[in-house]
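Let's take a friendly walk through this model together, with an eye on its enclosed space and its aromatic rings. Have the viewer ready, and we will go one stop at a time.

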Amino acid sequence: AFWPAMYQAISAANAAIAGGESIINDSNRGRVTPLIAEARFMRAYCYFHLVQLFGDIPYIDFFIENPDEGVEISKTPANEVWDGIITDLDFAKDNLPEKSDIRSRPSQGSAAAYLALSHLTLGDFQEAYSEAKYVIDNSGTFGYALDSDFQDLFDATKADNLQGAIFTLDFLGQMDAYPIERDVLPALTGMRGRDNIEGWSVAVPTMAVYEDWDDRDYRKWVSFDTATMINGEMQSFEMFGNPDARRPHCAKYFRFPGTAGTSNYDSDHNYSQIRYAEVLLIAAEALNEINGGPNAEAEGYVNQVRARARNAAGVMNDFPADVTPGQNQAEFLNTVLEERRLELAFEAKRWYDIKRRQLGTELFTGSSSFEPHPNFDPGRDYLLPLPGNQLLQSPNLAPQNPGY
């Protein structure tokens, strides 16, 4: 389902770009160019995910008028796809509005944030730092900041007023617009057997993830549900309805879904695709690589994220503490990656971190693995297989990714 949906979005972006370029002139350039930039941002966003999940893929940057043309398209090397992503984001940064109060529409800050993340993914740390620093230095202009209460980031009733969200996917609760407005993530993460509104207990972390997380961290209790009402009584997770998932559940999307349907289906959530805290952590990680170790600036970015975490719904704590000074490069990298793991838990970020740092063997087969997969194969499992139906329809996509 993911592959065709992304290419439909890319096709829509290409149509918008072609349409804009066909009508642009000196009198309308100021109105049309930002719309072309918005379409190019969305095209880059789609390819950002496709290239990381599938590797070499068809890179289509033109509007296909004849459907038969699509069948003949072959794969483009991943490095060339990344070149297209960077080019689109550079154009978007130069031509989008400076600020967007509707965070589901991109702005200059959105483009710069994705440039920072893209360069970080590619290992171009100087460019990653430069783009992240641009967002940080202009955060006041863009309207970005760390919202004081971490829980607010996952409260759908507050989503439209968040400063920490840079680019979001915005759902509208109980809209009869299948599948566009059909948000199932709250239902997937919710507890089966819960009174009133129950979930499906599908996306449930391992106990190791919960037990490893320090109880003093407020973000842990925002991220997990450990008890709920069952048959009129508050019950611990050992009594949750699905016997195969009697563990603490993800709470970020189930707890405050706003206007939602049965099982919290069709929520009001605005899902942050990138937020200000991540930009701070991108800058910290990039500086660590550039300097061969952390400096005060890099430590300061992590400390900003931790300082916000110490605010537990208005009650100030002393955990997590500031970064311990004197760490070497490897130690500080681990500090940043762990901070990303906790700050961005369950936000679809961790896999990309594992992939870009080639941590799969260590994290899936090691003795302390949170989620053991002893058959993890780095020669195969950093990529998904190309969809079989696409290979049948478009033979030029062959060969299949290695190992499948």
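With three residues, helix α14 gives the most to the lining of the largest cavity. Keep in mind as we go that this is a predicted model. Helix α14 covers residues 350-356, and α5, at 108-122, joins it in supplying at least two residues of that lining. To see the whole wall, select F48, L117, T121, E278, R340, K349, Y352, D353 and R356, which line the largest cavity.

How does this lining divide by residue character? Five of its residues are charged, three are nonpolar and one is polar. Taking Asp, Glu, Lys and Arg as the charged types, you can pick out the charged members by name: E278, R340, K349, D353 and R356. The space they help to line amounts to about 40 Å³, and the structure holds one cavity of 30 Å³ or more. As a general point, empty space left between atoms shows up when a probe the size of a water molecule is rolled over them.

Two names from the cavity wall lead us on to the aromatic rings. F48 and Y352 are among the lining residues, and ring pairs also link F48 and Y352 with F41, Y45, W82, Y114 and F167 into a cluster.

Stepping back to the whole structure, a search finds 29 aromatic pairs. One of them is W3 with Y7: the ring centres are 5.2 Å apart and the planes meet at 50°, so this pair counts as tilted. Both residues belong to helix α1 (residues 2-23), where four residues, or about one turn of the helix, separate W3 from Y7. W3 is buried, at a relative accessible area of 5%, and Y7 is buried as well, at 14%.

Now compare F364 and F376. Their ring centres lie 5.3 Å apart with the planes at 45°, so this pair is tilted too. Which parts of the chain does the pair tie together? F364 sits in helix α15 (residues 360-365), while F376 sits in the loop between α15 and α16 (388-393), so the contact joins parts that are 12 residues apart in sequence. Both F364 and F376 are buried.

Our last stop is where charged side chains meet rings. R40 lies over the face of F91, 4.2 Å from the ring centre. K93 lies over the face of Y134, at 4.1 Å from the centre of that ring.

Terms used:
Residues numbered from 1 in each chain as written. Predicted model: local features only at pLDDT ≥ 70, side-chain atom pairs only at ≥ 80, totals over all residues. Heavy atoms only, no water. Phe/Tyr/Trp six-rings, centres within 6.5 Å; stacked < 30°, edge-to-face > 60°. Buried < 20%, exposed > 50% of the residue type's maximum accessible area, 1.4 Å probe, protein only. Lys NZ or Arg CZ within 6 Å of the ring centre and 35° of its normal. 1 Å grid on protein atoms, 1.4 Å probe; cavity = no way out; pocket = protein on both sides within 12 Å on 5 of 7 lines; lining within 4 Å. Points joined across faces, edges and corners; volume = space filled by probe spheres on them.
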